[in-house]
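Subject: Structure handover

Hi,

Here is the structure I promised to pass on. Have a look at it first, and then read my notes below.

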Amino acid sequence: MKEKFYITTPIYYPSANFHIGHCYTTIIADAIARYNRFKGKDVFFLTGTDEHGQKIENKAKEANVSPKEYVDEIVSNAKDLWKSLNISYDKFIRTTDKEHEVIVQRIFDKLYEQGDIYLGSYEGLYCTPCESFWTESQLVDGKCPDCGRDVSLVKEESYFFRLSKYQDRLIKMFNDNPEFLQPVSRKNEMINNFIKPGLEDLCVSRTSFSWGIPVSFNLKHVIYVWIDALSNYITALGYMSDNDTLFKKYWPCDLHLVGKEIVRFHAIVWPALLMALDLPLPKRIFGHGWLKIGDAKISKSSNNYQDPRTYVSQYGVDAVRYYVLKEVSFGNDGNFSVEALVSRTNADLANTLGNLVNRTITMVHKYFDGKINYCTNYLDTDTKLLNSVYELVDVVDNKMEELRVSEAISSIFDVLRDCNKYIDENTPWVLAKEGKMERLEVVLYTLLESIRVCAILLQSFIPDTSSKIFEQLNVKDSKYENLKDKVGFSVNQPVVLFKRIEDK
Ligand code: MSP
């Protein structure tokens, strides 16, 4: 039986204004999901939208429509964005899906019945856009530490989840599972800044607005958005429903991928809820860094971005995917600028990759009518390149296991640069001129084989480009087990993969 791999993105607040920062979580999740499918795993890749809360209620009021009408209208925007970026999710969950709402109520009922949720009253500083309560000391200059906007004092009767009860189990869990939260720096931050100072019980219901899932036994209350939102990872699989086949198959989750600002909900609140439900914990949570413009996180309020689809239509989907995946290295922040997107596309995709494929296939047509036999009579220079190409398979695999996606891509491009150097050093046009056709065939075979393996490895990151390369190489199988095929080539006509983007 295939090994399973369950991967999730956070569910997004529905919006008419997604920016390239939003796309980062989903593009990286897509690359990881595709890579695991490529390794032969049975992958379930979940994404969706987080549709309840005061903010949506307010926006719907402004637009003079019901909250449901409001979200129905803009959820399609997320689906359209993911389509334009070639995102291969298996399921798109909406927190307004009936199946989700019913199960969230059941989860709440269960926690209440067993004493993990109780009725109290809450006074706190609330940031409406972020749906988060803050203590005085967490504010930065009196404003929300996440988005920098105003917070307001809120007091109301609320249900609470006994988060404090799970403090010791959480610390033990972090210590026993060094892999649970990555990068490691985030784990230390969680333990030292949040858990050790003492966890407070968490407010899990609201009475001041009504756009949410009602508490089944007290209809004045709606369920506070994080219990609703986090539960999506199990309701999407049919947990507590009549059909829990997917839940039995895929839970526990192999990887929750989240931006660093929501790590504390995923690494503290979510495990505590799962402990209360007596369910196994996710195997890994990865908190990635932000895409920034200058020093600031790209955010809806920053007004300094275009719709990501603009970049896709101008530069191509793989230019955008490549740039985003390459720019943000393991857990750190990265920078976004159109200038850098253009120069990376030109340098890496058009020059290094595009030219290599184009000139190799052109030479194969020019000197051998498109046909190259499988060769074995290598010189050291050929063996050196081919060895580094085959070693690349393990290099990429190790990096992807550690979620070092940007480094995995870089290592493929290092080899592609070596291929270009190999052409310059072996000067195939001189071999042709001197009539050394046997040697020339080995050189071109070495190049085609290197391109084939690199294109197979690039599939998870820039899938359209890999397909175009397979088409030109005229090879059909692009699976993991085909990596070490020994094949001759009968190539198709060359097609330009990336046109250089000229300065406007
Ligand atoms: N709805 C919550 C998540 C609930 S999960 C149970 C939420 N939604 S969000 O729409 O605000 O964010 C979705 C994802 O986009 C998060 O992973 C967030 O970190 C990511 N990003 C939003 N802006 C970003 C950047 N500028 N850079 C990188 N990722 C960022 O949070």
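Strands β4 (residues 117-127) and β6 (residues 152-161) run antiparallel and are paired through ten bridges. By strand I mean a DSSP run of E with at least two residues, by helix a run of H or I with at least four, both numbered from the N terminus; two strands pair if DSSP finds at least two bridges between them. Within this pairing, leucine 119 has tyrosine 159 of β6 as its bridge partner.

Before I go on, a word on what you are looking at: this is a predicted model, where local features need pLDDT of at least 70 and side-chain atom pairs count only at pLDDT 80 or more, while totals for chains, interfaces and linings use all residues. Residues are numbered from 1 along each chain as its sequence is written, and side-chain values use heavy atoms, with hydrogens and water left out.

Back to the sheet. It is open, has four strands in the order β5-β4-β6-β8, and is paired antiparallel. β5 (132-134) and β8 are the edge strands with a single partner strand each, so one side of each has no neighbour in the sheet. At one edge, β5 joins β4 through three antiparallel bridges, and tyrosine 126 is bridged to phenylalanine 133 in β5. At the other edge, β6 and β8 (residues 202-203) are antiparallel and joined by two bridges; here phenylalanine 161 has leucine 202 of β8 as its bridge partner.

Next, the ligand. There are 23 residues around it, and Ile11, Asp50, Glu261, Leu291 and Ile298 come nearest (a residue is near if one of its heavy atoms lies within 4 Å). Some of these make polar contacts, meaning pairs of N or O atoms within 3.5 Å; within protein, one atom must be able to donate a hydrogen and the other to accept it, and residues adjacent in sequence count only if both atoms are side-chain atoms. Aspartate 50 uses its side chain, with an N or O atom 2.7 Å from a ligand nitrogen. Leucine 291 has a polar backbone atom 2.8 Å from a nitrogen of the ligand, and for isoleucine 298 a backbone N or O atom sits 2.9 Å from a ligand nitrogen. On its own the ligand exposes 660 Å², and the protein buries 96% of that (Shrake-Rupley areas with a 1.4 Å probe; for residues, only the protein chains shown count as cover).

You may also like the aromatics. The whole structure has 30 aromatic pairs, counting rings of Phe, Tyr and Trp (its six-membered ring) with centres within 6.5 Å; planes under 30 degrees apart are stacked, over 60 edge-to-face, and the rest tilted. Tyrosine 6 and tyrosine 250 are a tilted pair, because their ring centres are 6.4 Å apart and their planes at 50°. Tyrosine 6 is in strand β1 (residues 4-12) and tyrosine 250 in helix α9 (residues 245-250), so this pair ties together parts 244 residues apart in sequence. Both tyrosines are buried, that is, under 20% relative accessible area, with exposed being over 50% and partly exposed in between (1.4 Å probe, protein chains only). They belong to one aromatic cluster, together with Phe44, Tyr233, Tyr239, Phe247, Trp251 and Trp270.

Some backbone oddities to check:

- Tryptophan 251 and proline 252 are joined by a cis peptide bond with omega about 5°; proline 252 is in the loop between α9 and β12 (255-259).
- The bond from glutamine 182 to proline 183 is also cis, with omega near -10°, and proline 183 is in the loop between β7 (181-182) and α6 (184-195).
- Aspartate 278, not a glycine, has a positive phi of about 60°; this residue is exposed at 67% relative accessible area.
- Leucine 403, not a glycine either, has a positive phi of about 65°, but is buried at 4%.

Finally, two buried helix residues. Serine 466 in helix α18 (residues 463-473) has 1% relative accessibility. Beyond four places in sequence, serine 466 is in contact (heavy atoms within 4.5 Å) with Ala455, Leu458 and Gln459. Arginine 439 in helix α17 (residues 437-458) is buried too, at 16%; with the same neighbours set aside, arginine 439 touches Leu379, Thr381, Asp382, Tyr422, Asn426 and Leu431.

Cheers
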